[in-house]
Amino acid sequence: MPRLYKAIRRILAHAVGDLFLVVQGAIARLPLPWIERVALALSLAAHPVIGRYRRAARINLELVFGAGKSPAEKERIMAGFFLTCRQALSEYFLLVRHRAFPPEIEVRFEGEERLRAARARGKGVILASAHYGNFFVLISELARRGYRVHPITRAPRNRLLYDFLRGLQADLGIDPIPAKPRRECARQTLAALRANEIVVLLLDQHPRRSRVEVEFFGRPVAVYPGLEVLARRTGAAVLPAFIASGSAHRHAIAVEPELSPEGAGPLALSEAFARRLESRILADPVQWWWFHRRFARDLYSR
């Protein structure tokens, strides 16, 4: 039965991906207010389908805030988070329409001098970020400013969707590095850093393999060891960067001070990034994508 269930899910995922590719072009040609209405309708229609993700979000909110926030406050955070997701969906349709950075999106960029100073050292930059705000706008804005940027990404299973997204990213000036095969991913990542380019790592998902543990909101969570390995092997600067999505398609990007592993333990960079991400989540919790099963998997099966 588990194999049959997975097979059915795979078939449905491919069918949904194919249907989405068919209709997204038509949606992208609509006026912006209608695009926003369609994004709202799609998110409402998806509520019955994404039940397990909503449950994971509620569990994460409880694990992070506990008794520190009331049930009503946690529900308001989740409502705000889904609003962030809906806006990100409508902005995706704008990207599809323009095949370039949309004029409807406004970005304020803080801390770019840190990025320039890090690149002046000539050893590349590891931009450490998370599923926080519309992170795709963050990556697109870096490309718009002329940086060679390489997010490490998981390829969607739907080949047609994968090809479309690669074409869209190419039009935006983004050159993603597929996470698999792992050896090729490592080769391309090292080459990009040695060329003094920017590699973007989203460091807030639960890895399936090759993992170590750090503390996150007082609980052990698994992380990839790649951040420490890349930084020590290449000497690349590690800069945390986050984007906060506001209303009316306004965003604020902040590049934070460099993480430094000097005089610390073997996971100093990952631990330091976890503290930065905690601060961001506590300051503006509606920005974080709460539905990832970030903590120990058994916490989500109870």
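Modeller: Before we start, a cut-off: a residue is buried if its relative accessible area is under 20%, exposed if over 50%, and partly exposed in between. Also, this is a predicted model.

Colleague: Fine. Take His150, then. Buried or exposed?

Modeller: His150 has a relative accessible area of 4%, and the cut-off is 20%, so His150 is buried.

Colleague: Which strand is His150 in?

Modeller: Strand S3, residues 149–153.

Colleague: And what lies 2.9 Å from a polar atom of the His150 side chain?

Modeller: The backbone oxygen of Asp175.

Colleague: Back up to the sheet. What is the strand order?

Modeller: S1-S9-S8-S2-S5-S3-S4. That makes seven strands in an open sheet, with mixed pairing.

Colleague: Which strands stand at the edges?

Modeller: S1, residues 106–110, and S4, residues 177–178. Each has a single partner strand, so one side of each has no neighbour in the sheet.

Colleague: How many bridges join S8 to S9?

Modeller: Five. S8 covers 237–245, S9 covers 250–255, and the two run antiparallel. As for a specific pair, Ser245 stands opposite His251 in S9.

Colleague: What about the loop between S8 and S9? Which residue there should I look at?

Modeller: Ala248 lies in that loop. Its phi is positive, about 55°, although Ala248 is not a glycine.

Colleague: How accessible is Ala248?

Modeller: Ala248 has a relative accessible area of 49%, so it counts as partly exposed. Ala248 also helps line the second largest pocket.

Colleague: OK, that pocket. What volume does the second largest pocket have?

Modeller: About 150 Å³. Besides Ala248, the lining includes Glu36, Leu83, Arg86 and His249. Helix H2 (32–46) and helix H4 (71–98) are the elements that give two or more residues.

Colleague: Which gives the most?

Modeller: H4, with four residues.

Colleague: And the lining by class?

Modeller: Four nonpolar, three polar and two charged.

Colleague: Switching to closed spaces. How many cavities of 30 Å³ or more are there?

Modeller: Two, from a search of the whole structure. The largest cavity holds about 110 Å³. Among its 13 lining residues, the closest to the centre are Leu203, Val223, Ser270, Phe273 and Arg294.

Colleague: Which elements supply at least two residues of that lining?

Modeller: Strand S6 (212–216), strand S7 (219–223) and helix H10 (268–283). H10 has the largest share, four residues. By class, the lining splits into ten nonpolar, one polar and two charged.

Colleague: And the second largest cavity? What lines it?

Modeller: Leu202, Leu203, Asp204, Gln205, Val223 and Tyr224. The volume is about 40 Å³. Leu203 and Val223 turn up in the lining of both cavities. Here the classes are four nonpolar, one polar and one charged.

Colleague: Now Arg99. What is its phi?

Modeller: Near 55°, a positive value in a residue other than glycine. Arg99 sits in the loop between H4 and S1. Its relative accessible area is 28%, so Arg99 is partly exposed.

Colleague: Which side chain does Arg99 contact?

Modeller: The side chain of Asp171, through a polar contact of 2.7 Å.

Colleague: Where is Asp171?

Modeller: In helix H7, residues 159–172. With a relative accessible area of 42%, Asp171 is partly exposed too.

Colleague: How far is Asp171 from Leu190?

Modeller: The two are 19 residues apart in sequence and 24 Å apart in space, C-alpha to C-alpha.

Colleague: Backbone check. Where is the cis peptide bond?

Modeller: Between Lys180 and Pro181, with omega about -5°. Pro181 is in the loop between S4 and helix H8 (182–194).

Colleague: Last topic, cysteines. How many disulfides are there?

Modeller: Zero, counting cysteine sulfur pairs within 2.5 Å.

Colleague: And Cys85 and Cys185? Buried or exposed?

Modeller: Cys85 is buried at 14% relative accessible area. Cys185 is at 11% and counts as buried as well.

Methods. Residues numbered from 1 in each chain as written. Predicted model: local features only at pLDDT ≥ 70, side-chain atom pairs only at ≥ 80, totals over all residues. Heavy atoms only, no water. Pairing = 2+ DSSP bridges. Buried < 20%, exposed > 50% of the residue type's maximum accessible area, 1.4 Å probe, protein only. Polar contact = N/O pair within 3.5 Å; in protein donor to acceptor, adjacent residues only side chain to side chain. 1 Å grid on protein atoms, 1.4 Å probe; cavity = no way out; pocket = protein on both sides within 12 Å on 5 of 7 lines; lining within 4 Å. Points joined across faces, edges and corners; volume = space filled by probe spheres on them. Nonpolar A, V, L, I, M, F, W, Y, C, P; charged D, E, K, R; others polar.
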